[in-house]
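The exercises below are meant to be worked with the coordinates open, each followed by a solution that proceeds step by step. Please attempt each task before reading on.

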Amino acid sequence: QVQLVESGGGLVQAGDSLRLSCAASGLPFSNYHMGWFRQAPGNEREFVARINWSGTSTPYAESVKGRFTISRNNAKNTVYLQMNSLKPEDTAVYYCAAARRIPGEYNYWGQGTQVTVSS
């Protein structure tokens, strides 16, 4: 079965950096677009970043542009989210997801990893 497993979350201070990883299995990873989303308590899940199958297209949410970088390693079936200059408002559960086609729905989701940024 398909599994997306996020890791790398934690508790950091404002201004610090974290790198999230999402390891995929059970799907032809290089055929899928990969996205990162986040959900803060009381808020709806929101888009953070996406990377197409080849890594040549990487749109970002305005709130993270210039601070976060999404990348992928198709040989390792892994997508990353490098998060720099973290702010308290970045606190959320971060999810990775896989989409066969963009535009289109995301077909598979991970279980999420908590990121907490203290001021």
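**Exercise 1. A charge over a ring**

Over the ring of which residue does the charged end of arginine 72 sit, and at what distance from its centre?

Solution. The model is a predicted one, and the distances and angles in these solutions are to be read accordingly. The charged end of arginine 72 sits over the ring of phenylalanine 29, 4.4 Å from the ring centre. As a next step, one can place arginine 72 in its sheet, where the residue stands opposite valine 79 in β7. A further arrangement of this kind involves arginine 100, whose charged end sits over the ring of tyrosine 32 at 5.9 Å from its centre; the cut-off for the distance to the ring centre is 6 Å.

**Exercise 2. The order of an open sheet**

Determine in what order the four strands of the open sheet follow one another, and which strands form its edges.

Solution. The order of the open sheet is β1-β3-β7-β6, and the pairing is antiparallel. Each of β1 and β6 pairs on one side only, and these two are the edge strands. From one strand to the next, the twist averages 15 degrees. Turning to the pairings themselves, β1 and strand β3 (residues 18–25) are joined by five bridges, with valine 5 having alanine 23 in β3 as its bridge partner, while β6 and β7 run antiparallel and are joined by six bridges.

For the faces of an edge strand, recall that side chains in a regular strand alternate between the two faces of the sheet. In strand β1 (residues 3–7), the covered face carries Leu4 and Glu6, whereas Gln3, Val5 and Ser7 belong to the uncovered face.

**Exercise 3. The disulfide**

Find how many disulfides the whole structure contains, and establish which cysteines take part and whether the disulfide is right-handed or left-handed.

Solution. Searching the whole structure yields one disulfide, formed by cysteine 22 and cysteine 96 with their sulfur atoms 1.9 Å apart. The two cysteines come from distant parts of the chain, since cysteine 22 belongs to strand β3 and cysteine 96 to strand β8 (residues 92–99), 74 residues apart. The torsion about the S-S bond is about 45 degrees, and the disulfide is therefore right-handed. As for the surroundings, cysteine 22 counts as buried because its relative accessibility is 0%, and cysteine 96, with a relative accessible area of 0%, is buried as well.

**Exercise 4. Salt bridges**

State how many salt bridges the structure holds, and work out which residues are linked in a network of salt bridges.

Solution. Side chains of opposite charge can pair when their charged atoms come close. The structure holds four salt bridges, among them the one between arginine 38 and glutamate 46, at 2.6 Å from N to O. In that pair arginine 38 counts as buried at 5% relative accessibility, whereas glutamate 46 is partly exposed at 37%.

Next, aspartate 90 forms a salt bridge with arginine 67, with the closest N and O atoms 2.7 Å apart. Aspartate 90 lies in the loop between β7 (78–83) and β8, and arginine 67 in the loop between β5 (46–51) and β6 (68–73), so this pair ties together parts that are 23 residues apart in sequence. Aspartate 90 is buried, at 1% relative accessible area, and arginine 67 is buried at 11%. The network of salt bridges links Arg38, Glu46, Arg67 and Asp90.

A further salt bridge joins lysine 65 to glutamate 62, at 2.7 Å from N to O; here lysine 65 is partly exposed, at 45%, and glutamate 62 is exposed, at 62%.

**Exercise 5. An aromatic cluster**

Classify the ring pairs that phenylalanine 37 makes with tyrosine 106 and with tryptophan 109.

Solution. A pair of aromatic rings is described by the distance of the centres and the angle of the planes. The whole structure contains five aromatic pairs. One of them joins phenylalanine 37 and tyrosine 106, with 5.0 Å from centre to centre and 85 degrees between the planes, and is edge-to-face. Phenylalanine 37 lies in strand β4 (residues 33–39) and tyrosine 106 in the loop between β8 and β9 (108–109), so the pair ties together parts that are 69 residues apart in sequence. Phenylalanine 37 is buried, with a relative accessible area of 10%, and tyrosine 106 is buried at 15%.

For phenylalanine 37 and tryptophan 109, the ring centres are 4.9 Å apart and the planes stand at 55 degrees, so this pair is tilted. Tryptophan 109 is in strand β9, and the pair ties together parts 72 residues apart in sequence. Tryptophan 109 is partly exposed, at 31%. Ring pairs link Phe37, Phe47, Tyr106 and Trp109 into a cluster.

Notes:
Residues are numbered from 1 along each chain as its sequence is written. This is a predicted model: local features need pLDDT of at least 70, side-chain atom pairs count only at pLDDT 80 or more; totals for chains, interfaces and linings use all residues. Side-chain values use heavy atoms; hydrogens and water are left out. Buried means under 20% relative accessible area, exposed over 50%, partly exposed in between (1.4 Å probe, protein chains only). Two strands pair if DSSP finds at least two bridges between them. A disulfide is a pair of cysteine sulfur atoms within 2.5 Å. A salt bridge is a side-chain nitrogen of Lys or Arg within 4 Å of a carboxyl oxygen of Asp or Glu. Axes are lines fitted to C-alpha atoms, for helices over the stretch in contact, and angles run from 0 to 180 degrees between N-to-C directions. Rings of Phe, Tyr and Trp (its six-membered ring) pair if their centres lie within 6.5 Å; planes under 30 degrees apart count as stacked, over 60 as edge-to-face and the rest as tilted. A charge sits over a ring if NZ of Lys or CZ of Arg is within 6 Å of the ring centre and within 35 degrees of the ring normal.
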